[in-house]
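Hi,

Here is the structure I promised to pass on. Have a look at it first, and then read on for what turned up.

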Amino acid sequence: MTDDAVPELRASDADRERVSEILRDALAEGRLDMEEFEERLEATYKARTYGELTPITRDLPAPGVAPPPVNMVKGPVRDGSWAGRIVGGEGSSTWAVAVMSGFQRKGRWTVPKRFNSFCFWGGGDIDLREANFADREVVINCVAIMGGVNVTVPPGVEVVVRGIGIMGAFDSREDGVPGDPGAPRVIVTGFAFWGGVDVERKLTREERRRLKEERRREKLERKASGRELPESARDDLDLDDPDDRYDDHQRILGHHHRMLDGRHRDPRRERQEERREQQEERRRERREERDRRRFGDY
């Protein structure tokens, strides 16, 4: 009998029972959930040939056969930490050229140990904010002739600028800023002639959205706290006394204005208000003096 004829052989009840036993073991070990177990068990009892039984347990270990060992070696962390972003390897891109044109390296790419770029009457954008790194220290070599290259790094990365500019410039604003523990070190080197290489530090788009959302929540919380009436002002408010009601209302409004101003008043504005009050007081005294002379009430 040939092997090709085996799948066509009729299965016995004992064969179906052996398959169902494998399924029960897989259910007990957590290899199958209840829904999968019921589907495969139903297919087992409906099977008529070996060819119909074989696919049911194809992805399950047979009794007495040990499953393949699980790899216990800890791989690179993929949680966004610096340890997870230093992945080794050769890098996904090692060079870029722009001649009267431009190039971009951005997004999720792997920076090699040395990346070479050349721009002539063109521009390049090298964005490392979401990139992985082949090594703890990488070199970005930039040659810009009547062109420019912009290197963007995320916060926490140490940057060292070693380029030379002739009638051009290498931006060294981020040079010497200490990096976070475990963060990679980026060395920007090269040559600029009638061109420039800029190095800037920016947050990722996701981080900017998160900070914007935090500022929005803080602003809403401050606005909500400004609307709340303080307990001291609420206790002092005596609505049963009509003579004091106006003064209490003005005092509470003044408290709200101070809170909305962030408890910080502009000195120039305060002087203007003081002069305005003094002028109003002098006008009131002149009116009273004019009335006394007019009606003879001295």
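Before the details, one cut-off that you'll need: a residue is called buried under 20% relative accessible area, exposed over 50%, and partly exposed in between. Please also keep in mind that this is a predicted model.

Let's start with helix H5, which spans residues 205-227. Glu213 has a relative accessible area of 30%, so it is partly exposed. Its side chain meets that of Arg216 in a salt bridge, at 2.6 Å from N to O. Both Glu213 and Arg216 sit in helix H5, three residues apart, which is about one turn of the helix. Arg216 is partly exposed too, with a relative accessible area of 43%.

A second pair belongs to that helix. Glu214 makes a salt bridge with Arg210, and their closest N and O atoms are 2.5 Å apart. Here the spacing along helix H5 is four residues, again about one turn. Glu214 comes out at 28% relative accessibility, so it counts as partly exposed, and Arg210 at 38% falls in the partly exposed class as well.

Why would such side chains team up at all? Side chains of opposite charge can pair when their charged atoms come close.

There is another salt bridge to look up, between the side chains of Glu17 and Arg24, at 3.5 Å from N to O. That pair is part of a network of salt bridges that links Glu17, Glu21 and Arg24. Glue your eyes to the surface there: Glu17 is partly exposed at 38% relative accessibility, and Arg24 is partly exposed at 33%. How many salt bridges are there by this rule? The count comes to 19.

Some charges gather in surface patches instead. Which residues form the positive one? They are Lys106, Arg205, Arg208 and Arg209. Arg205 lies in helix H5, and at 57% relative accessibility it is over the 50% cut-off and therefore counts as exposed.

The negative patch on the surface brings together Asp33, Glu35, Glu36, Glu38 and Glu39. Of these, Glu38 is found in helix H2, residues 34-46. With a relative accessible area of 49%, Glu38 is partly exposed; that value is not over 50%, so the label "exposed" does not apply.

Now for the sheet. It is an open one of five strands with parallel pairing, in the order E2-E5-E8-E13-E11. Strand E2 (102-105) and strand E11 (169-170) stand at the edges, and each has a single partner strand, so one side of each is left without a neighbour in the sheet.

Further in, strand E5 (residues 123-127) pairs with strand E8 (residues 148-153) in the parallel sense, over five bridges. If you want to trace that pairing by eye, find Gly124, which stands opposite Val149 in E8, and then Asp127, whose bridge partner in E8 is Thr152.

What does E8 pair with besides E5? The answer is strand E13 (residues 196-201), again in the parallel sense, over six bridges. Asn150 is a handy marker for this pairing, as it stands opposite Asp198 in E13. While you're following the strands, remember that in a regular strand the side chains alternate between the two faces of the sheet.

That's the tour. Shout if anything is unclear.

Cheers

How values were computed. Residues are numbered from 1 along each chain as its sequence is written. This is a predicted model: local features need pLDDT of at least 70, side-chain atom pairs count only at pLDDT 80 or more; totals for chains, interfaces and linings use all residues. Side-chain values use heavy atoms; hydrogens and water are left out. Patches are made of residues with over 30% relative accessible area and no salt bridge: like charges are joined within 9 Å, nonpolar side chains (Val, Leu, Ile, Met, Phe, Trp, Tyr) within 5 Å. Accessible areas come from the Shrake-Rupley method with a 1.4 Å probe; for residues, only the protein chains shown count as cover. A salt bridge is a side-chain nitrogen of Lys or Arg within 4 Å of a carboxyl oxygen of Asp or Glu. Lys and Arg count as positive and Asp and Glu as negative; His and the chain ends are not counted. The place of a charge is taken as NZ of Lys, CZ of Arg, CG of Asp or CD of Glu. Helices (H or I, at least four residues) and strands (E, at least two) are DSSP runs, numbered from the N terminus. Buried means under 20% relative accessible area, exposed over 50%, partly exposed in between (1.4 Å probe, protein chains only). Two strands pair if DSSP finds at least two bridges between them.
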